[in-house]
Amino acid sequence: MEFTKWQGCGNDFVLIDGRKQEPDDYASFAVKVCDRHYGVGADGILVVLPSERADFRMRIFNADGSEAEMCGNGIRCFARYLYEYGLTNKTEFPVETGAGILVPRIILTHGQITGVCVDMGEPHLMGEEIPVCGHDGEMVIDQPIDVGGKTYRMTGVSMGNPHCVVFVEDAETFPIGELGTQFEHHEMFPRKTNTEFVEVRDRGHVRMRVWERGAAITLACGTGACATAVASALNRKTDRKIEVELDGGRLSVEWAENNHVFMTGPAEMVFAGRLAD
């Protein structure tokens, strides 16, 4: 099975064309391929599939085999693959995901790809949409959550997948490794959650670290950066357009006046190969 390996701000993926070749079971395939010692190594796999609703369909499987609705860094890599490998000649095209139809746009500068901008759609803010237990019919902004014997303040946002944004004094030293899994599996989140730990540097710049649902600590999370931008604006900590500094790089995110979130950042191919039977 042929594959390509991609990364966006250090969030890395194995991409396969499922229209040509498919594993018998995606979950076990993802666990095997994403293993960094015995496999290719990745945070997840991306699969190109046909769509009746858009130009292409993207499925995402985490390193633990679970399927995710969406991945912001992943869809930038997915879009660049389609364009670079000649599967489309469009620089802007719709992609069907588990979070709905999203529209990536290839950014060309003097004929060279310099990034990908994605219209990530509208954020979902009501408790039942995220979902967060006990908050039906209301937004979850600066609400208490007890984790590890301490009370934190969280803001819930769904970008098609659930996010819990927690503002902290120092993102660099916050014990993500110790507390991340406790947030992910907290009883408030019936579908588990991605958790962003965010330090506000100024009105246009935040430092974000992430514990991803099904993947643990990763270098970046595109949907998490979008959720962070929305949560920062909702809490009046930043403007609606900010730079999000991640462990693996930087993303530009704007929560526009039309309520859509636009994310711009890099997508790079690392290598191509063939998986053994």
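Ser-51 makes a handy starting point: with a relative accessible area of 18%, this residue is buried. The cut-off for that label is under 20%, so Ser-51 falls inside it at 18%. Everything described here comes from a predicted model. Ser-51 sits in the loop that runs between β3 (44-49) and β4 (56-62). From that loop, the Ser-51 side chain reaches the backbone nitrogen of Ala-54 at 2.9 Å. The Ser-51 side chain also makes a polar contact with the side chain of Glu-96, at 2.5 Å. Once the neighbours within four places in sequence are set aside, Ser-51 is in contact with Phe-56, Arg-57 and Glu-96. Glu-96 thus turns up both as a polar partner of Ser-51 and in the list of its contacts.

Another loop residue worth a look is Gly-214, found between β13 (205-212) and β14 (216-218). Gly-214 counts as buried too, at 9% relative accessibility. Leaving out the neighbours within four places in sequence, Gly-214 is in contact with Asn-62, Ala-63, Asp-64, Ser-66 and Glu-184. Asn-259, for its part, is 45 residues away from Gly-214 in sequence, and the C-alpha atoms of the two are 28 Å apart in space.

Glu-184, one of the contacts of Gly-214, leads on to the salt bridges. Side chains of opposite charge can pair when their charged atoms come close. In this structure there are 24 salt bridges. Glu-184 pairs with Lys-192 in one of them, and the closest N and O atoms are 3.9 Å apart. The cut-off for a salt bridge is 4 Å, so the pair of Lys-192 and Glu-184 qualifies at 3.9 Å. The two partners have different labels for exposure: Glu-184 is buried at 5% relative accessibility, while Lys-192 is partly exposed at 28%.

A similar pairing of labels shows up at Asp-17 and Arg-19, whose side chains meet in a salt bridge at 2.9 Å, N to O. Asp-17 is buried, with 5% relative accessibility, and Arg-19 is partly exposed, with a relative accessible area of 41%. Then there is Arg-250, which forms a salt bridge with Glu-245; here the closest N and O atoms lie 3.6 Å apart. Glu-245 is buried at 16%, and Arg-250 is partly exposed at 41%. This pair belongs to a wider network, in which salt bridges with shared partners join Glu-172, Glu-199, Arg-201, Arg-207, Arg-209, Glu-243, Glu-245, Asp-247 and Arg-250.

Next come the empty spaces. Rolling a probe the size of a water molecule over the atoms shows where empty space is left. The largest pocket has a volume of about 260 Å³. Its lining is made up of Met-1, Pro-23, Phe-29, Lys-32, Val-33, Tyr-38, Gly-39, Val-40, Leu-275, Ala-276 and Asp-277. Sorted by class, that lining comes to eight nonpolar residues, one polar and two charged.

The second largest pocket has a volume of about 200 Å³. Asp-17, the buried partner in the salt bridge with Arg-19, is one of the residues that line this pocket. The others in the lining are Glu-2, Phe-3, Thr-4, Leu-15, Ile-16, Lys-20, Gln-21, Tyr-81, Tyr-85 and Leu-87. Two strands, β1 (2-8) and β2 (11-17), each supply at least two residues of this lining. By class, the lining of the second largest pocket divides into six nonpolar, two polar and three charged residues.

What about closed spaces: how many cavities of 30 Å³ or more does a search of the whole structure find? The search finds one. About 140 Å³ of space lies in the largest cavity. A set of 17 residues lines this cavity, and the closest to its centre are Asn-62, Ala-68, Met-70, Cys-71 and Glu-212. Asn-62 has already appeared above as a contact of Gly-214. Strands β2 and β4 each supply at least two residues of the cavity lining. The classes in the lining of the largest cavity are seven nonpolar, seven polar and three charged residues.

Methods. Residues are numbered from 1 along each chain as its sequence is written. This is a predicted model: local features need pLDDT of at least 70, side-chain atom pairs count only at pLDDT 80 or more; totals for chains, interfaces and linings use all residues. Side-chain values use heavy atoms; hydrogens and water are left out. Buried means under 20% relative accessible area, exposed over 50%, partly exposed in between (1.4 Å probe, protein chains only). On a 1 Å grid over the protein atoms alone, a cavity is a set of points where a 1.4 Å probe fits but cannot get out, and a pocket is an open set with protein on both sides within 12 Å along at least five of seven lines; lining residues have an atom within 4 Å of a point. Grid points are joined across faces, edges and corners, and a volume is the space filled by probe spheres set on the points. Ala, Val, Leu, Ile, Met, Phe, Trp, Tyr, Cys and Pro count as nonpolar, Asp, Glu, Lys and Arg as charged, and the others, Gly among them, as polar. Helices (H or I, at least four residues) and strands (E, at least two) are DSSP runs, numbered from the N terminus. A polar contact is a pair of N or O atoms within 3.5 Å; within protein, one must be able to donate a hydrogen and the other to accept it, and residues adjacent in sequence count only if both atoms are side-chain atoms. Contact means heavy atoms within 4.5 Å.
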